[in-house]
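Student: I am new to this structure and would like a close look at a single part of it. Could you walk me through one helix slowly, and tell me how far to trust what I see?

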Amino acid sequence: MAQLTSELRGGVQSAHQLDEVALLRYLHANVEGFPSVLRSFSVFQFGHGQSNPTFSLEAVARGESDPVVRRFVLRKKPPGVILQSAHAVEREFLVLKALGSHTEVPVPKVFCLCTDASIIGTPFYVMEHLEGRIFMDSRLPGVPRERKRKLYEAASKTLAALHKVNVDAIGLGNFGRRDNYCKRQIDRWERQYLLSTREGTAERNQKMLDLGMWLKQHIPLEDSSASLGTGLVHGDYRIDNLVFHPKEDQVIGILDWELCTLGNQMCDVAYSTLHYLTDIRSESSDGPQNEEIWLPPLPEYLAIYCNSIERPWPAENWKFYIAFSLFRGASIYAGVYHRWTRGNASGGDRAKNAGKTANSFIDVAWAFIRQPHVLPKNPPSGADSQPSLQDGKFVPTKRALDLRDKVLLFMEKHIYPMEKDFYKLAQSNNRWTIHPEEERLKEMAKKEGLWNLWIPMDSALKARELLDDRLLGAGLSNLEYGFICEIMGRSVWAPQVFNCGAPDTGNMEVLLRYGNERQQKEWLVPLLDGTIRSGFAMTEPQVASSDATNIECSITRDGNFYVINGTKWWTSGAMDPRCRILIVMGKTNPNAPKHKQQSMILVDAQTPGVNIKRPLLVFGFDDAPHGHAEISFDNVRVPVENILLGEGRGFEIAQGRLGPGRLHHCMRLVGAAERGMELMVQRALLRKVFGKTIAEHGSFLSDLAKCRIDLAATRLLVLDAADQLDQLGNKKARGAIAMAKVSAPNMALKILDMAMQVHGAAGVSSDTVLSHLWATARTLRIADGPDEVHLGTIAKLELLKAKL
């Protein structure tokens, strides 16, 4: 259970005795508010902590009535020989003073720093005593679940608040180097481990040295930068170094700043989660195992942090950061054990067992590294970061709700009023030109922060080193984006205004995930900026392309070039005059295993031999100025470096592309159906037949209710698929995605068909948007993969469950 402030020992350990008379004299002279006349003065040593000895000072003032008790905390360097740069109480004082004076980060107030070792034997500083709760067990046994959730939410948000601090503004700009933090830390803790252990003995664990080598080989690229994610690092951020309010679930103080410096803040985040793997205060490596010590899920804790500080989801490098934290922890505990052997450790029995703890950390690190999956690819549903289940429906997060409201307003003010003008140009002799208003609206969307909202958080993380943050969207999860993408689906013109339209989103996703730096600079940047558009050339007229292994287009190596020959059709976006890049799928090796024959390659649309043969119509719509094209590739020569990921990796790329991008169609179809409902209801309330409005006819009421049920059910199915995509990735979410792909277009077709029926002849004309929305929905039953393919996937997964 929690304890007020912390454990106190009965007095002071013999190794840490200090001159109380000299100390009292110093306190009278240097501590603001210290009583001038005392009835008593007591010093007690805290049992908490393994590093700098910490003491409670209790001064009872002599008064006429009840005595006044003032409490302070003293923190000092340990006596004896210590490792170089360790136990720097001077740095602790400096950072506490800066944070306390210039920020809202909760820290105890510091009164004075004494560097004169002659006073009590070592340098020390004095700070206020915070009356609150410290939870010595990070698993919070005995605390109700909801209170645990709130306490961890407070801890996560407090860490985010610390990491947001502008160190230059508070005078800590030179507190340390900001780049290559992990690299320098690995070297430092490796040296410290070697100094703390003896070669050829059980104290020195070879697996620790091997771990250091692994870490050096896996340092994230982001660590070399001094920009994103760098700043103040606490170094020992964990629950038992936090003081919580006596009654409320909020942090009132962060303690133990010995390891604070500037650097890679994700190391703090990882270290603060080690209790999910091991007890960081003992030699045990057992995490929570039963209901009594339930903790809020780790991804939820991380999602709260990432949302609070607007930082990308750390899945890509999480294995490194955890292993690094355990490596550093092992070195620290080896040092504690080394000090215990010399008699100047401050942790008592825990110091005696610190050697075992160090080895336990090393074993946990290697076990963690060997795990195939250590964190979901995207943020999961959870407090403050993702939509949650409430009243039977998904409720968007605040940031998703705010963006959705902004998109709704943008649609009402700018897009719906322009639809007739867009259609007018699209049906004129100039239909293959871009309406100037579209470009103006795109610039408005950029300025309002409604640009590239489709980009998943993990993809944005990969591209931050190369790209301008303004091009990388809001870092939404697929689930959050679902609420916004639905609104865009209410108009066939809206997605491209927000740079969230197909096939560009899928193509940009391919380049984000699989493109090399040159490919990203040449093609991804202008696509993200909306200055060019793209096409995806996979489907072929001579074969059933729903089985992509049938594709016959050849991609043949010829020296430093690939030569492409074949015909593609339904290459969406290729008719757009801004289309500059095509992603082409074809066979590089017909003799390879079935799913290793295909490759994807980038083709400049202006390359000789790329011939646009004709635009293709969808139920009479040519979708100008964007359109779908039939294209022939006649001996098209493309540089070898344009291959994506490597020969034979086409299906691998396709699987990465088909998850989020194809689910976007389902999201937009929900929006199209919603607009159909709105237009249908408006018409039914105004139009009279046989003496009463359509809305007064019983058959209409029954059909309208069924439409709403189908729409609501499909919306939840699509959101659930997005949630699974976030938590489980493309492969494990394929069943939910397949169900959404079957349900969404069929539902939209039913509702739009009824809406057209209510509109009568106007419904099938071009006077309303209904016929175009219907044509799009019908096409997606094929373009998104035939229903039969998705149904087969769903059925196979059901049979597999039975076998398991």
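Tutor: Happily; here is a look at the opening helix, with the whole protein as its setting.

This is a predicted model, in which local features need pLDDT of at least 70, side-chain atom pairs count only at pLDDT 80 or more, and totals for chains, interfaces and linings use all residues. Residues are numbered from 1 along each chain as its sequence is written, and side-chain values use heavy atoms, with hydrogens and water left out.

Let us begin with the setting. The protein has 24 helices and 22 strands; these are DSSP runs numbered from the N terminus, with at least four residues of H or I for a helix and at least two of E for a strand. Of its 804 residues, 58% are buried. Buried means under 20% relative accessible area, exposed means over 50%, and partly exposed lies in between, using a 1.4 Å probe and protein chains only.

Now to helix H1, which spans residues 20-30. Just at its start, a side-chain oxygen of Asp19 comes to within 3.2 Å of the backbone nitrogen of Val21. This is a polar contact, that is, a pair of N or O atoms within 3.5 Å, where within protein one must be able to donate a hydrogen and the other to accept it, and residues adjacent in sequence count only if both atoms are side-chain atoms.

Which residues of H1 are buried? They are Ala22, Leu23, Tyr26 and Leu27. These four cover an arc of only 135° around the axis, so they sit on the same side of H1; the arc is taken from the directions from the helix axis to the C-beta atoms. An α-helix has 3.6 residues a turn, so residues three or four places apart point the same way. On the other side of H1, Val21, Arg25 and Ala29 are exposed.

What covers the buried residues of H1? The cover includes strands E2 (38-45), E3 (54-61), E4 (68-76), E5 (110-114) and E6 (124-128), where contact means heavy atoms within 4.5 Å.

Finally, a word on trust. The average pLDDT of the protein is 86, and 88% of the residues score at least 70; pLDDT is the predictor's confidence in each residue, from 0 to 100. Over residues 1-10, pLDDT stays under 50, and the model has 35 contacts beyond four places in sequence for them. Residues 280-292 also stay under 50, with 37 such contacts. Where pLDDT is low, the predicted coordinates should not be read in detail.
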